[in-house]
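Thank you all for making the time this morning. I would like to take you through one structure, and I will ask you to keep it in view while I talk.

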Amino acid sequence: VPTPQSPATSPRPGTIIALSRDTVTVATGHHALTLSSLQTEGQKRLPARDFLAGTRLEMGQVLGEPTPA
């Protein structure tokens, strides 16, 4: 679901800007996208709830980049 963002405060595309039990919201170029399912490369697609139970994601993390130590 696209959500408009202010260009002056928009995080880099791919940045996690919200996490809930059932969704992950990621910044895009001018909006945000709320994901209800996710898929790691080479794995099957999972509902966000199941994905988050087995994968650690953090606010501010950029998808596709390693998690900061």
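I will begin with the overall layout, then turn to the strands, the core and finally the salt bridges.

Please keep in mind throughout that this is a predicted model. The chain contains one helix and six strands, and if you read along the sequence you meet them in the order β-β-β-β-β-β-α. There are 69 residues in the chain, and buried residues make up 22% of them. The accessible surface comes to about 4800 Å², with 56% of that area belonging to carbon and sulfur atoms. If we take the contacts with a separation of 6 or more, 43% of them are accounted for by residues 24 or more positions apart.

Let me now go to the strands, and in particular to β3, which spans residues 24–27. How do β2 and β3 pair, in the parallel or the antiparallel sense? They pair in the antiparallel sense, over three bridges, and a hairpin of four residues joins β2 to β3. On the other side of the sequence, β3 pairs with β4, residues 31–35, again in the antiparallel sense and over four bridges, and here three residues lie between the two strands of the hairpin. To give you individual positions to look at, threonine 25 in β3 is the bridge partner of alanine 18, while leucine 35 in β4 is the bridge partner of valine 24.

In a regular strand, the side chains alternate between the two faces of the sheet. In β3 you can follow this residue by residue, as Val24 and Val26 point one way and Thr25 and Ala27 point the other way, and all of them are buried. Threonine 25 deserves a moment of its own, since at 12% relative accessibility it counts as buried, the limit being under 20%. Leaving aside residues up to four places away in sequence, threonine 25 touches Thr15, Ile16, Ile17 and Ala18, and also Ala32, Leu33 and Thr34.

From there we can move to the core. In soluble globular proteins, nonpolar side chains tend to be buried together. Which residues form the largest nonpolar core here? There are seven, namely Ile16, Val24, Val26, Leu38, Ala48, Phe51 and Leu57, and the elements that contribute two or more residues to this core are β3 and α1.

Leucine 38 is a useful member of that core to examine. It is found in strand β5, residues 37–38, and it is buried, with a relative accessible area of 8%. Not counting residues up to four places away in sequence, leucine 38 touches Val24, Lys44, Arg45, Leu46, Ala48 and Phe51. Leucine 38 also lies 9.4 Å from arginine 49, C-alpha to C-alpha, with their positions 11 residues apart in sequence.

Arginine 49 brings me to the last topic, the charged side chains. Side chains of opposite charge can pair when their charged atoms come close. How many salt bridges does the structure hold? It holds three.

In one of them, arginine 12 pairs with glutamate 65, with the closest N and O atoms 2.1 Å apart. Arginine 12 lies in the loop between β1 and β2, and glutamate 65 in the segment after α1, so this pair ties together parts that are 53 residues apart in sequence. Both partners are partly exposed, arginine 12 with a relative accessible area of 46% and glutamate 65 with one of 36%.

Another salt bridge joins aspartate 22 to arginine 49, the closest N and O atoms being 2.8 Å apart. This pair also links distant parts of the chain, with aspartate 22 in the loop between β2 and β3 and arginine 49 in helix α1, 27 residues apart. Aspartate 22 is partly exposed at a relative accessible area of 37%, and arginine 49 is likewise partly exposed at 39%.

The remaining salt bridge is between glutamate 58 and arginine 56, and its closest N and O atoms are 2.8 Å apart. Here glutamate 58 is partly exposed, with a relative accessible area of 26%, whereas arginine 56 is exposed, with 64%.

That is where I will stop, and I am glad to go back to any part of the model in discussion.

Technical notes. Residues are numbered from 1 along each chain as its sequence is written. This is a predicted model: local features need pLDDT of at least 70, side-chain atom pairs count only at pLDDT 80 or more; totals for chains, interfaces and linings use all residues. Side-chain values use heavy atoms; hydrogens and water are left out. Buried means under 20% relative accessible area, exposed over 50%, partly exposed in between (1.4 Å probe, protein chains only). Contact means heavy atoms within 4.5 Å. Accessible areas come from the Shrake-Rupley method with a 1.4 Å probe; for residues, only the protein chains shown count as cover. A salt bridge is a side-chain nitrogen of Lys or Arg within 4 Å of a carboxyl oxygen of Asp or Glu. Two strands pair if DSSP finds at least two bridges between them. A nonpolar core is a set of buried Ala, Val, Leu, Ile, Met, Phe, Trp, Tyr and Cys residues joined through side-chain atoms within 4.5 Å.
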